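User: Hi! Could you walk me through this one with me?
Analyst: Happy to, here it is.
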Amino acid sequence: MATRYRCNACGNLTRFDVVATRRTKSFHHFTVGGELHVEDEVVLDEQIEQVTCRWCGSAKAIEELSRDSAAEPGADAGTENEVATAAQS
Ligand SMILES: [Zn+2]
């Protein structure tokens, strides 16, 4: 699941410029004619350097949303808690 962001300056949840450094492994598949198709890219390491709001341009008011607060009700996290509680009783 991708990290979600919220701009606390204007309330934007959907449009951001993200500057990131990624180290990736991928399958470079060339045709006989030399045309490249990059397939099966795996992100080995990722550093998010800057997130900027597309609406208001703020980079300082961007909040990273945790998976818990972004999750829909009834998602996997709640199910795991219920299972743990049932096992203890
Ligand atoms: Zn904003």
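User: Along strand 1 (residues 4-7), which side chains are buried and which are not?
Analyst: Tyr5 and Cys7 point to one face and are buried, while Arg4 and Arg6 point to the other face and are not. Buried means that 20 or more other C-beta atoms, placed from the backbone, lie within 10 Å of the residue's own; 12 or fewer is exposed, and in between is partly exposed. Strands (E, at least two residues) and helices (H or I, at least four) are DSSP runs, numbered from the N terminus. Keep in mind that this is a predicted model: local features need pLDDT of at least 70, side-chain atom pairs count only at pLDDT 80 or more, and totals for chains, interfaces and linings use all residues. Residues are numbered from 1 along each chain as its sequence is written.
User: Which strand does strand 1 pair with?
Analyst: Strand 4 (residues 62-65), antiparallel over four bridges; pairing takes at least two DSSP bridges between the strands. Tyrosine 5 stands opposite glutamate 64 there.
User: And how do strand 2 and strand 3 pair?
Analyst: Strand 2 (residues 16-30) and strand 3 are antiparallel too, over 14 bridges, with arginine 23 opposite aspartate 45. They form a hairpin with five residues between them, and glycine 34 in the turn has a positive phi of about 95°.
User: How many residues of strand 3 are buried?
Analyst: One among its 18 residues (36-53), so to speak hardly covered. In the whole chain, 3% of the 89 residues count as buried.
User: Switching topic, what pattern does the chain follow?
Analyst: Along the sequence it reads β-β-β-β-α-α.
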